[in-house]
Amino acid sequence: MADIIQLLPDHVANQIAAGEVVQRPASVVKELMENAIDADASVIQLIVKDAGKSLILVVDNGSGMSSTDARLSLERHATSKIKTASDLFNINTKGFRGEALASIAAIAHLEMKSRLQHDPIGTIIRVEGSKVLSQEDAAVPSGTSIAVKNLFFNVPARRNFLKSDQVELRHIIDEFHRVALAHPCVEFKFYHNDSEMFNLPVSKLRKRIVSVFGSKTNEKLVPVGEETEVVRIGGFVGKPQFARKTRGEQFFFVNDRFIKSPYLNHAVNSAFEGLLKEGAHASYFLYLEVDPQGIDVNIHPTKTEIKFEDEHTIYAILRAAVRHSLGQFSIAPVLDFERDASMDTPYSYKGKTAMRPEVDVDQSFNPFSKEIRSTPGQGFKKHKQADWESLYVGLESKSNQPDGESSHFEVESDPDSVGMFGQEHTIAHFKTFQVQNKYIIKPIKSGLVIINQHRAHQRILYESFLEEITVNAGVSQQLMFPKQLHYSRPETAVIRDLRPQLEQAGFVFECLDDEAIEINGIPSAMAEEKVSDILDSLIRDVQQQVPGASFSQSDLIAKSLAKSMAIKSGKHLGSEEREFLIDKLFFCKEPDKSPFSKPVFVTLRAEDLEKFFI
Ligand code: ADP
Ligand code: MG
């Protein structure tokens, strides 16, 4: 048989390498910004259009390249940063693999302008899909600017995999944060579609963190510092009382390189043990300096994972350093998480004498309808009470039940009430049970329905929010004291974008500036003290899109609110609450699925039960 192996042509090899290095526009941003850092730039500008899908431009005032180097930089394995394999263990630069520019040039239109500081003339190179179209001398500023257009123009499959602009932009911002936080001594500017996202002057680390995440961040930071022979640790951790439910601001830098490390993350979390509210995540900005000989950066093409020679020691030192800081700044003793905000005395009440409380009973008040109420406007829009069993009968007959027996799901009647008044259907109202504070069990004539309470409530909330956002505006409850919430600029931008839908859902708010909003009203079903957590997860969901990507912004919001507001598993429900939930559930359009397509209830028919006893 003839020989069949051949070497792949360069442009194919480059495209393959690009598959690893360039996953999305954010990867290009990372590589170009890191090259600018390696070139010792003191000012770096990032200009992005359409979340990087049409343009990513990075301009630096660094060393620049000669015209030969500029041409060579686009070849694979072309690097000025290492010469021998042993250099791999003494890396002080971000790059060293020499494949980023070649990979990017293989899958995009790239234009590079570069000039060495002391050369009178520079060079412009244009490349499309690894093909050099032109190289010319030109009068260009010293330093380098690289424009990447039409990313994945020749790899349509990858292009199709790109997410919405919101999501891709979020990834770009994440990469930008990582580089900007690692290099406070460099000035950064970032524009997206002509609006300025960040303008970060050279500053100290603390100031840099604050400029990135908003001025409110300052009061949340506790410094961390430790110097040992193995590692030097600096940076900040967030005070526990400010910890958010969403995992967000968690950064490790090792020798000024952002890295991901579940192991070190564990060390920090264990230092926070006992200090965080349930479900809250510590935030941290931790900078480790170790001897480059003691780490291996070359274990992953994107270089965000590294191997430490002395991982266990670093774990122990890091944990101790963080604990020490938390203790030293006396965070631990003053903790009082369980404090109920509603117990705080507003200023104007101070000094007033206490009055004997009057008891004023509203006979018609049903405490449960608030607890798990379905529609935010529930008190105002009167639904006819659903006769859930009959709804359910209809549903069942649709779902190809062979016998088509319509009395199949009738509620088992209470024997005591039968006969006397002949009312077989004085619904067995309290015949529901809760198991493990998680499931509601309702006996029906033909067996049992077992309902997952959390998912049922998600479904109820989801449908009602969706209706309000798209059809009838929801009812809002006014806050006694307006609530100010602080965000980073991109987070505020998300809230601004969602404003019409949020207002429909019942929020009333104003954007005070690029980093703060003031809330005056919230959806009536929402608990005031939860608002900040709910909005945090909404912002995250929009930025990252909840799994099972939604059809529309409205759908996404309804899902996110339903997810964070639904009663949780583990919550005890009284019998009226259970009945109420069941009524509302079977009043929904699709009671059998949660908004995330998970089953809400199962039925156990008598025949099924009997099988257990054979
Ligand atoms: P690596 O960074 O791993 O060396 P790249 O493909 O990213 O590989 O870049 C190849 C080479 O091009 C670099 O080693 C560097 O010499 C040069 N280069 C790239 N970007 C710049 C820049 N912005 N300024 C100066 N030189 C650059
Ligand atoms: Mg590089």
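About 90 Å³ of space lies inside the second largest cavity of this structure, which is a predicted model. Who lines that space? The residues there include Lys30, Glu34, Lys94, Glu175 and Arg178, and further along the chain Asp256, Arg257, Phe258, Lys303 and Thr304 join in.

That cavity has company: a search of the whole structure turns up four cavities of 30 Å³ or more. The largest cavity has a volume of about 280 Å³. It is lined by 25 residues, and Lys220, Phe242, Arg244, Glu249 and Ser283 are the closest to its centre. Sort the lining by character and you get seven nonpolar, 10 polar and eight charged residues. Domain 2 (205-328) and domain 3 (451-601) each give at least three residues to this lining.

Now for the ligand. Where does ligand 1 sit? Its place is the second largest pocket. There are 18 residues around ligand 1, and Asn35, Thr79, Ser80, Lys81 and Gly98 come nearest. This shell splits into six nonpolar, eight polar and four charged residues.

Three side chains have polar atoms close to atoms of the ligand, as the table shows.

| Side chain | Atom of ligand 1 | Distance |
|---|---|---|
| Asn35 | oxygen | 2.8 Å |
| Asp60 | nitrogen | 2.8 Å |
| Ser80 | oxygen | 2.5 Å |

And how much of ligand 1 does the protein bury? Taken alone, ligand 1 exposes 530 Å², and the protein buries 93% of that.

Note on methods: Residues are numbered from 1 along each chain as its sequence is written. Chains are lettered from A and ligands numbered from 1 in the order in which they are written. This is a predicted model: local features need pLDDT of at least 70, side-chain atom pairs count only at pLDDT 80 or more; totals for chains, interfaces and linings use all residues. Side-chain values use heavy atoms; hydrogens and water are left out. A residue is near a molecule or strand if one of its heavy atoms lies within 4 Å of it. A polar contact is a pair of N or O atoms within 3.5 Å; within protein, one must be able to donate a hydrogen and the other to accept it, and residues adjacent in sequence count only if both atoms are side-chain atoms. Accessible areas come from the Shrake-Rupley method with a 1.4 Å probe; for residues, only the protein chains shown count as cover. On a 1 Å grid over the protein atoms alone, a cavity is a set of points where a 1.4 Å probe fits but cannot get out, and a pocket is an open set with protein on both sides within 12 Å along at least five of seven lines; lining residues have an atom within 4 Å of a point. A molecule sits in a cavity or pocket if more than half of its atoms lie within 2 Å of its grid points. Ala, Val, Leu, Ile, Met, Phe, Trp, Tyr, Cys and Pro count as nonpolar, Asp, Glu, Lys and Arg as charged, and the others, Gly among them, as polar. Grid points are joined across faces, edges and corners, and a volume is the space filled by probe spheres set on the points. Domain bounds come from an automatic or database domain assignment.
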